[in-house]
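This report looks at salt bridges and nonpolar cores. Please consult the sequence and the model shown here.

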Amino acid sequence: MTSASPATTMLVPDFPFSYDGWLRHPAGLGSLPPGRAGTPVAVVGGGMAGLTAAYELMRLGLRPVVYEPGGLGGRMRSVPFPGDSGCVAEMGAMRFPRSARALFHYIDLLGLRTRPFPNPLSEHTPSTLIDLGGVRHTARRAEQLPDVYQEVAAAWEKALQERAELATMRDAVRRRDVETLKHVWDRLVREFDDQSFYGFLATSASFRSFRHREVFGQVGFGTGGWDTDFPNSLLEILRVVYTGADEDQVAIAGGSQQVPRGLWEHRPRKCAHWPAGTSLASLHGGAARPGVRAVTRDGTGFAVTDTTGRRDRYAAVVYTPHVWTLLNRVEADPGLLSAPLWTAVERTHYMGASKLFVLTDRPFWHDVDPDTGLPVMGMTLTDRMPRGVYLFDDGPDRPGVMCLSYTWNDDSLKMATLSAAERLEVLLGKLAAIYPGLDIRSHVIGEPLTVTWETEPHFMGAFKSNLPGHYRYQRRLFTQFMQRGLPAARRGFFLCGDDVSWTAGFAEGAVTTALNAVWGVVEHLGGATHPDNPGPGDLFEALAPVELPYDG
């Protein structure tokens, strides 16, 4: 009998620290000098990164003070449909790879249920319809599609194997073979930092055909089409592929917002300093502070002013929103960051994204077309305006939820000036051409729910995605939590969140960079990790992201 091969994790090759192991270790994440118990630490932002950081800082015996201008959750935003349907629209994060082990530490802690996400051609998706150039194909599995789709899949696999050492890297990720990961990845960073995703395809022998590149852009791999990522750095794509982030994804039953809100309410079995039954909610009297208007250095600490004008001092600040908010939403003391870090903030590139959801009277898409014997509608990938249509249900006797459109960048901007009602009308018209004879409108109940992330004032985009040549900037942002040896005037302010991570757009990156910030705060306040459970900063020199030359 052979033992099962180890499962893939989101062990990012730039910094292959096993955060899930650090979280699970019985020694905990560290300890603080007795005199630091109860020290207030500002946590700006109540999304996944902010509440991860606040929860762990509380467990360590500090007093996190969370500031949040909107509802807790950030881009884990689950909006209930009006009425009492019990259904939600996942406006932000909605699918989570099982390889996200640090995130699942908290999902499991909270006892949340998950279910397979209905991605295109997934074994859990009853039917997928691909509509390209007005030609439609319906399939359950990829091998049921015409030959051109098989050719494109083979071309992608061949390009990755021949030019990006796919098999070696996936095996190293599964085995957590840090030495191999660093050896191969550091070379690939040097080779591909200036390469776009499209440039990689266009210079690969297997993708000589423009038609193959076009089909790949529309249909892609895993979650669907990737042409909106074509201008971005190839390194962003390789991280996703190596770590299985675009495979075996699940949804959180009842909505993803339950994770950050659950951490807000959760009462850990063991907390340093705080009495049994303490939670973040109880420390805050049930409500987070309002949004932040200004952050300044104040002697050896920091002053944080909220939108009501209240000003409080803190020994440290953990800043979790998109870094662009430091440029326009918050009066940020220039001394919070060095000049090279401010440049990295300015150069951060965000992806736009829009969604539109509707509630239906029932999951009518499971009805069978008597002429074809196939479901009347399936998960839909199209080169028309909807781009991606996703279908969700909890059984035949419950209402259904349709994500009528999930779009990115230029396709998202096509929606930006339309009201929710106008968007619905446009999308129903486009889908009528794809599904002639199917009256989708007759099943829609209530008003649509929609979001455009690039016009959300506290976000200004869905998530970071580096352009070619941005690796140096990303390295500065990610390593900012390492403040050993810096003068006091440069210490104590910690950036985290998925846009600071190497895997933006994934909640795992929000969690792991929040844990980096927790390590940084503990060290800043004179604490340390247990020798049996070193943290990310303790192992930084051995795991540090490769540093590319700046001159020459």
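## A pair within one helix

Arg-187 is partly exposed, with a relative accessible area of 36%, and Glu-191, at 44%, also counts as partly exposed (buried means under 20% relative accessible area, exposed over 50%, partly exposed in between, with a 1.4 Å probe and protein chains only). The two residues form a salt bridge whose closest N and O atoms are 3.4 Å apart (a side-chain nitrogen of Lys or Arg within 4 Å of a carboxyl oxygen of Asp or Glu). Being four residues apart in helix H6, Glu-191 and Arg-187 are separated by about one helical turn (helices, H or I, of at least four residues, and strands, E, of at least two, are DSSP runs numbered from the N terminus).

## Basis of the values

The model is predicted, so local features need pLDDT of at least 70 and side-chain atom pairs count only at pLDDT 80 or more, whereas totals for chains, interfaces and linings use all residues. Residues are numbered from 1 along each chain as its sequence is written, and side-chain values use heavy atoms, leaving out hydrogens and water.

## Salt bridges across the sequence

The count comes to 31 salt bridges. Asp-131 and Arg-384 form one with closest N and O atoms 3.1 Å apart; because Asp-131 lies in strand E7 and Arg-384 in the loop between strands E17 and E18, the pair ties together parts that are 253 residues apart in sequence. Asp-131 is buried, at 0% relative accessible area, whereas Arg-384 is partly exposed, at 26%.
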